[in-house]
Amino acid sequence: MRHYNHYIAISCLFIAGISTAQAEKLFSDSSISLLHSDQYEAFGREQQEHTFFTFENVTAHDWGGTFFFIDANQGHGSASGQDDVYGEFSPTLSLNWLTGQDFSAGPLQDISLAATYEFGGETDLNNYLTGFSLSWDVPGFQYVNTAFYHANNSQIDNDLQLTLTWGAPFELGAARFLFDGFLDYSTAESDHKSELNFTPQLKLDIGNFSGNPGVLYAGIEYAYWRNKYGLSDDVMDTESSVSALIKFHF
């Protein structure tokens, strides 16, 4: 099963790579974020202080899209010396484009083959997720996507994962805001509990006040992570953290 999932993930990336030669790029964005909180849960039911530096890149093409991010954290206080790097790369391949058929129906816009490669982190994992995603047209939202994966995990038993991502801009007077984020739910298996990670961000568009909308944001990120890393409450408390956030797009 491991080799089968690797084959699917690599094939998805290969097809997407070939497609870019004749593809139409619809959208591309890169950003750098800085987050800071002293409420991150750690082993031993301890709260720690960390600063996270995040690079993100997202692209949209007529054949699908890609999303990549990498986190580098710097620990403070009791977390000093616990610096770490974690990243994910997620391509999708549109069935509308691949088959020439229209899979849209009502609010459903497209169905895509989906894969994610997770790497690094505290346990130096290498996880391969394969499945499919659904793109939705929801009033008031720039995007809403749901993905369903089988996760081939390197450190724990394989499981299933549901991922929801969204982005919703709105305005209050002259101020422009963006409410976006993700929700991950993974199933329990023999060696770990089910996980729920709900992480929204609320950001004020600072650049809009100087005539450069969508460039510089400031706000907060809230993270609710039950059974973090699949561990029970007697090892690690449920995380409920608020982080200060600055994000620059280019």
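**Notebook: aromatic pairs and Ala42**

I looked up Phe67 and noted that it is partly exposed, with a relative accessible area of 29%; buried means under 20%, exposed over 50% and partly exposed in between, with a 1.4 Å probe and protein chains only. The model is predicted, so I kept in mind that local features need pLDDT of at least 70 and side-chain atom pairs count only at pLDDT 80 or more, while totals for chains, interfaces and linings use all residues. Residues are numbered from 1 along each chain as its sequence is written, and side-chain values use heavy atoms, with hydrogens and water left out.

I then searched the whole structure for aromatic pairs and found 14. The rings of Phe67 and Phe69 have centres 5.9 Å apart and planes at 45 degrees, so I entered the pair as tilted; rings of Phe, Tyr and Trp (its six-membered ring) pair if their centres lie within 6.5 Å, and planes under 30 degrees apart count as stacked, over 60 as edge-to-face and the rest as tilted. Phe69 is buried, at 13% relative accessible area.

For Trp166 and Phe198 I read ring centres 6.0 Å apart and planes at 20 degrees, so this pair is stacked. Trp166 is buried at 7%, whereas Phe198 is partly exposed at 29%. I also recorded one aromatic cluster formed by Phe55, Phe68, Phe248 and Phe250.

Last, I turned to Ala42, which is buried at 9% relative accessible area. Leaving out residues up to four places away in sequence, I found that Ala42 touches Gln48, Val235 and Met236, contact meaning heavy atoms within 4.5 Å.
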